[in-house]
Amino acid sequence: MPLAGATCASCSSALTPGAKFCHHCGAAAGAAAKSPRSMGSMVPWAVAGIALLAFVAREAGQRFAATAPSPAVAEGAAPAMAAAPRAPDISQMTPRDRATKLYDRTMRAREQGKTDSAMFFATMATMAYSQIPDLDADGRFEAGRVALLAGQPALATAQADSILAKQPKHLLGLVLVEEAAIAEGNQRAEKKAHERLMAAAKSERDNPLPEYKAHANDIAAALARRTTPPAHP
């Protein structure tokens, strides 16, 4: 496990002390340095980057079209409407706000059963969160969940490790550990994670953390989840 000041051998990001994986690229802590990425491995991220820029441009265009004054207003026919406040341009959003918007789009698509759209937005959101330094627990939970939808359980586990390194009983970190185990089909890890979550919930459910309130439904669903008993060796 890395000590304070250690960096990832794969992407050079700072590692959280005790983390098993890099929260930026998902590489195992202590892994040997990788050779420069091949063009094939860079394609998905390049596509996601282009898609993210297109998403921002499209949202900005929609906001502009929705708030641009009509010719009548421009000519002074309806000054009261011209004075109405304009909606904020998404291109002016902070990286954190853009990532959150993509997270919301991802979860909405998943709830609607739009698997392809959920995967598309999850890949974009994963890249957006990776560009934000010093994510808080709420951001790491969201980043971990979209990583799972993007097919990167190791990255989700890394985000969970970063949360739990600071707060070992943090419910969102424990929920993410369990969800990563489910995604990997690791029934033993799933059962162990659920037991840790149930034990921590006894003292943590009443903790007035804002992220607990924001993700109250996710926590409740995880606590109500019945784990699959591991197969006997």
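**Exercise 1. Which backbone nitrogen lies 3.0 Å from a polar atom of the side chain of Tyr212?** Place Tyr212 in its surroundings as well.

*Solution.* The model is a predicted one, in which local features need pLDDT of at least 70 and side-chain atom pairs count only at pLDDT 80 or more, while totals for chains, interfaces and linings use all residues. Residues are numbered from 1 along each chain as its sequence is written, and side-chain values use heavy atoms, with hydrogens and water left out.

Step 1. The backbone nitrogen in question belongs to Leu171.

Step 2. Tyr212 sits in helix α10, residues 210-214; helices are DSSP runs of H or I with at least four residues, strands are runs of E with at least two, and both are numbered from the N terminus.

Step 3. Tyr212 has a relative accessibility of 6% and therefore counts as buried, a class that means under 20% relative accessible area, against over 50% for exposed and the range in between for partly exposed (1.4 Å probe, protein chains only).

Step 4. Setting aside residues up to four places away in sequence, Tyr212 touches Lys169, His170, Leu171, Leu172, Glu204, Asn207 and Ile219, where contact means heavy atoms within 4.5 Å. Of these residues, His170 is 42 residues from Tyr212 along the chain, with a C-alpha separation of 9.2 Å.

Step 5. The side chains of Tyr212 and Glu204 are joined by a polar contact of 2.5 Å; such a contact is a pair of N or O atoms within 3.5 Å, of which, within protein, one must be able to donate a hydrogen and the other to accept it, and residues adjacent in sequence count only if both atoms are side-chain atoms.

**Exercise 2. Describe the polar partners of Asp138 and Glu179, starting from the helix that holds each residue.**

*Solution.* Step 1. Asp138 lies in helix α6, and Glu179 lies in helix α8.

Step 2. Asp138 is buried because its relative accessible area is 16%, and Glu179 also counts as buried, at 12% relative accessibility.

Step 3. Apart from neighbours within four places in sequence, Asp138 is in contact with Arg96, Glu211 and His215, and the side chain of His215 joins that of Asp138 in a polar contact of 2.8 Å. The C-alpha atoms of Asp138 and Ala214 are separated by 8.5 Å, although the two residues are 76 apart along the chain.

Step 4. With the neighbours within four places again left aside, Glu179 is in contact with Arg145, Leu148 and Arg225, and the side chains of Glu179 and Arg145 make a polar contact of 3.3 Å.

**Exercise 3. Identify which residues of the largest nonpolar core touch the most other members, and characterise the aromatic pair.**

*Solution.* Step 1. A nonpolar core is a set of buried Ala, Val, Leu, Ile, Met, Phe, Trp, Tyr and Cys residues joined through side-chain atoms within 4.5 Å. The largest has 38 residues, and Tyr129, Phe141, Val146, Leu171 and Leu197 touch the most other members.

Step 2. At least two residues of this core come from each of α4 (95-111), α5 (115-130), α6 (137-149), α7 (153-166), α8 (171-184), α9 (187-204) and α11 (216-224).

Step 3. Leu197 touches Leu171, Leu174, Val175, Glu178, Ala222 and Leu223, not counting residues up to four places away in sequence.

Step 4. The structure holds 1 aromatic pair. The rings of Phe120 and Phe121 have centres 5.3 Å apart and planes at 70 degrees, so the pair is edge-to-face; rings of Phe, Tyr and Trp (its six-membered ring) pair if their centres lie within 6.5 Å, with planes under 30 degrees apart counted as stacked, over 60 as edge-to-face and the rest as tilted. Phe120 is partly exposed at 42%, whereas Phe121 is buried at 11%.

**Exercise 4. Work out how the chain is built and where its coordinates call for caution.**

*Solution.* Step 1. The chain has 11 helices and 0 strands, and 37% of its 233 residues count as buried.

Step 2. The 17 residues of α4 should span 24 Å, which agrees with the 24 Å between its end C-alpha atoms; the expected span is 1.5 Å times one less than the number of residues.

Step 3. The chain averages a pLDDT of 78, and 67% of the residues score at least 70, pLDDT being the predictor's confidence in each residue, from 0 to 100. Over residues 70-75 the pLDDT is below 50, and this stretch has 5 contacts in the model beyond near neighbours in sequence. Where pLDDT is low, the predicted coordinates should not be read in detail.
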